[in-house]
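Trainee: Please take one loop of this model and examine it closely. I should then like to see how the rest of the chain is arranged around that starting point.

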Amino acid sequence: MTEIKDKHITILGAIRAKKMGSIPFVSDYSSELSAVPELDENSISYELGGHSDKVYNCDFIITSPGVPTNSVVIVNAIAKGIKIFSEIEFASWFCKGNIIAITGSNGKTTTASLCAHTLNKCGINTYLAGNIGLAFSEIVLDVKEDDFVTLEVSSFQLDFIDSFKPKYAVILNITPDHLDRYDNNFEQYASSKLGINRNQDDEDFIIVNSDDSVLSKSKFENGIRIEFGFNKVEKGVHKVDDQFVYNKLDTTENICSTDILKIRGEHNQYNAMAVICISKMLGLENDLVAEALSSFDGVEHRLEFVRNINGIDFINDSKATNVDSVRFALNSFSNPIRLILGGKDKGNDYNQIEDLVIKNVEKIYAIGSSAEKIVNYFNSKVDVEKVDSFENAITNAYNESKNGDIVLLSPACASFDMFKNYEERGKNFKNMVMNLK
């Protein structure tokens, strides 16, 4: 742990460290910051609308996941020899409880939410934080020794860890994503994900998806390896027909039926298996775990049913910000799909979903700055239309749908060309759908 008392800390983002004894300076690229009244109230210095040279007048920098690793301010700070820590690294210095850290290209939010839900239902006091809305640093001082914290952790947060050491580390999958922030280097992106295991020891657990092509070949020097997948694993959880089964050497036990899950799709069965692995390491009773899993309704903006109008289902999957997420979504439905696709491209390769689109999609409504790329890729394969507004994409899809069709917002792209974030995109989708006649 790095000593922070009386240290001058530059914070690229809106977290606060003054109550922990430091002298923070907040620097945010945005010209607006909701935390300004709180910063003023606590006499914390800040600057908005860009990063000046003031950010370098510090002992170290704490960066939020919204600041790209290859941004000018980070590159310059590294060149000046300034130490940089991610927010989860900083908060972990003060955490008295047990950390469960969940990363992966897809499924992090659902799995972290399901994990916290399950543990709380089973009587273990668990906080949910990280890259999921509530910063780790906001709750860390409330965490007691016997409590748990379930963290959704992004690759950007793992880029700047130093001593971050989760008791339970979960890697759900590693597929191409955010390559625009890793100079189109997939190996560098994968290395960031695998870094979650860096500081673990022989008393910690590294829980991985054995069906993932990257993870199945990855060697982990630290921690006890536990696996999950549809194929049988030596130690961990796998699927046999419609049952989740825990396997440990020569003994097996049925945990519960896959049918108890309210959240649809094979990808959510993987997410559930990851949580079951944690529950087995904690010695929780199978009946309690099954009851908890069965009571989980899912998370907002992830394959979220919005409304049925005249036999047409509207599904909000705004959180699908990469191609692999769209693949999961397309695999989750058997009815014809009208797909709203596009936004800020992150180096997408649509070849990954080409066959599924041809098989399951009636028409694509291409939106945002990537619309031209989507049209050029799919125009010889499926009906595709470049739409000039988000609202028109929804109304066009509705007007052209037949009874039994699904209008699916699953963009495969970031939202920043049209919206503040994927949450705002999803809420706009839901509001517009609710206003359809």
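**A close look at one loop**

Mentor: Asn310 is exposed, because its relative accessible area is 58%; exposed means over 50%, buried under 20% and partly exposed in between, with a 1.4 Å probe and protein chains only. The model is a predicted one, in which local features need pLDDT of at least 70 and side-chain atom pairs count only at pLDDT 80 or more, while totals for chains, interfaces and linings use all residues. Residues are numbered from 1 along each chain as its sequence is written, and side-chain values use heavy atoms, with hydrogens and water left out.

The loop that holds Asn310 runs between strand E15 (304-309) and E16; helices (H or I, at least four residues) and strands (E, at least two) are DSSP runs numbered from the N terminus. The backbone at Asn310 has a phi near 50°, a positive value in a residue other than glycine. Most residues other than glycine have a negative phi. Asp241 also has a positive phi, near 55°, and is likewise not glycine. Asp241 sits in the loop between strand E12 (235-240) and strand E13 (243-248), and with 68% relative accessibility it counts as exposed.

Strand E16 (residues 312-316) contains Ile315. With a relative accessibility of 4%, Ile315 is classed as buried, whereas Asn310 is exposed. Contact here means heavy atoms within 4.5 Å. Once neighbours within four places in sequence are set aside, Ile315 is in contact with Leu303, Glu304 and Phe305, with Phe333, with the run Ile406, Val407, Leu408 and Leu409, and with Phe429. Glu304 in that list belongs to strand E15 (304-309), which precedes the loop of Asn310. Ala112 is 203 residues from Ile315 in sequence, and the two C-alpha atoms are 22 Å apart in space.

Two other loops can be set beside that of Asn310. Asn379 occupies the loop between helix H12 (371-378) and strand E19 (383-386), where its 47% relative accessibility makes it partly exposed. The C-alpha atoms of Asn379 and Ile364 are 9.3 Å apart, with their positions 15 residues apart along the chain. Val67 is placed in the loop between strand E4 (60-63) and helix H2 (72-79), yet at 14% relative accessibility this residue counts as buried. From Val67 to Ser163, 96 residues along the chain, the C-alpha separation is 21 Å.

The interior may be approached through helix H4 (residues 108-121), in which Cys115 lies. Cys115 is buried, with a relative accessible area of 0%. Setting aside neighbours within four places in sequence, its contacts are Ile100, Ile102, Thr150, Val275 and Ile278. Of these, Val275 is 160 residues from Cys115 along the chain, with 5.5 Å between their C-alpha atoms. Val275 is also touched by Leu293, whose other partners, residues up to four places away not counted, are Leu114, Thr118, Cys256, Ile260, Leu261 and Ile276.

A nonpolar core is a set of buried Ala, Val, Leu, Ile, Met, Phe, Trp, Tyr and Cys residues joined through side-chain atoms within 4.5 Å. Leu293 is one of the residues that touch the most other members in the largest such core, which has 38 residues; the others are Ile100, Ile207, Phe228, Val237 and Phe244. Helix H8 (residues 266-281) supplies the largest share of this core, nine residues. Another core, of 33 residues, lies apart from it and includes Ile99, Ala129, Leu158 and Ile206.

For the chain overall, the secondary structure comprises 14 helices and 20 strands. Its C-alpha trace spans about 65 × 55 × 35 Å along the principal axes. The radius of gyration is 22 Å, which agrees with the value near 22 Å for a compact globule of 437 residues; it is taken over C-alpha atoms, and the globule rule is 2.2 Å times the number of residues to the power 0.38. Among contacts with a separation of 6 or more, 62% join residues 24 or more positions apart. Buried residues make up 57% of the 437 in the chain.
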